[in-house]
Amino acid sequence: VLGNVYVERRCRLHGGHLMRDIVVKIGGADVSLRGTFGAAEEVMRHIGDPIALIKENHLASAIPAYQPKLSLTVANIPVVLWIGAKAAGDKRSLDDWKAVVFDAGYIECMEPAMAYILHITTSQSQRETEPSEGETAGE
């Protein structure tokens, strides 16, 4: 969980496959982002290897002087969110997503974009065994 990014996780069967979404807040609206192999490949084609992005982010956090070779930018934050939303069935174009991100603010959208990168690179079984917020609160 990154800040207030996770609103909820949703898992459902669709066409015989288990679909895993995260719901993030962008500009005050809930947006579903679906993790799929195809979406991970699309992130790689448009931006670069999502695993490398995570590694670069960790190195930059640990070593202040480190200049990451791959990071989230004004150009690629809308692309990451568009890919995740498109995988979840959102019909808006990349240009529409550029406007959404601009209106919401790039800094606000950086956290949901990184949450999605983590979502598509994290073990599915690990996420299935993590307790929900209600379970950890004793509800």
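Visitor: What residue follows helix 4, and what is the sign of its phi?
Guide: This is a predicted model. Helix 4 is followed by Gly105. The phi of Gly105 is near 105°, so its sign is positive.

Visitor: Which residues of helix 4 are buried, and on how many degrees of arc do they lie?
Guide: Helix 4 spans residues 94–104. Its buried residues are Trp97, Val101 and Ala104. They sit on the same side of helix 4, because the arc they cover around the axis is only 70°.

Visitor: Which exposed residues does the opposite face of helix 4 carry?
Guide: Take the face turned away from the buried side of helix 4. The exposed residues there are Asp95, Phe102 and Asp103.

Visitor: Is Asp96 buried, partly exposed or exposed?
Guide: Asp96 is found in helix 4. Its relative accessible area is 37%. Buried needs under 20% and exposed needs over 50%. Asp96 is therefore partly exposed.

Visitor: What distance separates the C-alpha atoms of Asp96 and Trp82?
Guide: Trp82 belongs to helix 3, and Asp96 to helix 4. The two residues are 14 residues apart along the chain. Their C-alpha atoms are separated by 8.8 Å.

Visitor: Is helix 3 parallel, perpendicular or oblique to helix 4, and what is the handedness of the crossing?
Guide: The two axes come within 9 Å and cross at roughly 120°. That angle makes helix 3 oblique to helix 4. As for handedness, helix 3 passes helix 4 in a crossing that is right-handed.

Visitor: Which residues of helix 4 meet helix 3?
Guide: Helix 3 brings Ile77, Pro78, Val79, Leu81, Trp82 and Ala85. Among the partners in helix 4, Trp97 and Val101 are also buried. The full set from helix 4 is Leu94, Trp97, Lys98 and Val101.

Visitor: How is helix 2 placed against helix 5, oblique or perpendicular, and what is the handedness?
Guide: Their axes come within 9 Å and cross at roughly 125°. That makes helix 2 oblique to helix 5. The crossing is left-handed.

Visitor: Which residues of helix 5 make the contact with helix 2?
Guide: Helix 2 contributes Pro50, Ile51, Leu53, Ile54 and Asn57. Helix 5 answers with Met114, Ile117, Leu118, Ile120 and Thr121.

Visitor: Which residues does Ile117 contact beyond its neighbours in sequence?
Guide: Set aside the neighbours within four places. Ile117 then touches two residues outside helix 2, Val43 and Val80. The full set is Val43, Pro50, Leu53, Ile54 and Val80.

Visitor: Which residues have the most contacts inside the largest nonpolar core?
Guide: Nonpolar side chains tend to be buried together in soluble globular proteins. The largest nonpolar core here has 30 residues. Strand 2, strand 3 and helices 1 to 5 each supply at least two of them. Those with the most contacts inside the core are Ile26, Leu33, Leu81, Tyr116 and Ile117.

Visitor: How far is Gly28 from Ala104, C-alpha to C-alpha?
Guide: Gly28 lies in the loop between strand 2 and strand 3. At 59% relative accessibility, Gly28 counts as exposed, whereas Ala104 is buried. The pair is 76 residues apart in sequence. In space the distance is 8.2 Å.

Visitor: What pattern does the chain follow along the sequence?
Guide: The chain holds seven helices and three strands. Of its 139 residues, 35% are buried. Read along the sequence, the pattern is β-β-β-α-α-α-α-α-α-α.

Conventions: Residues numbered from 1 in each chain as written. Predicted model: local features only at pLDDT ≥ 70, side-chain atom pairs only at ≥ 80, totals over all residues. Heavy atoms only, no water. Buried < 20%, exposed > 50% of the residue type's maximum accessible area, 1.4 Å probe, protein only. Helix = DSSP H or I, 4+ residues; strand = E, 2+ residues; numbered from the N terminus. Arc of directions from axis to C-beta. Core = buried A, V, L, I, M, F, W, Y, C linked by side-chain atoms within 4.5 Å. Contact = heavy atoms within 4.5 Å. Axes fitted to C-alpha atoms, helices over the stretch in contact; angles between N-to-C directions. Parallel < 35°, antiparallel > 145°, perpendicular 65-115°, else oblique. Left-handed = near helix turned anticlockwise from the far one by under 90°.
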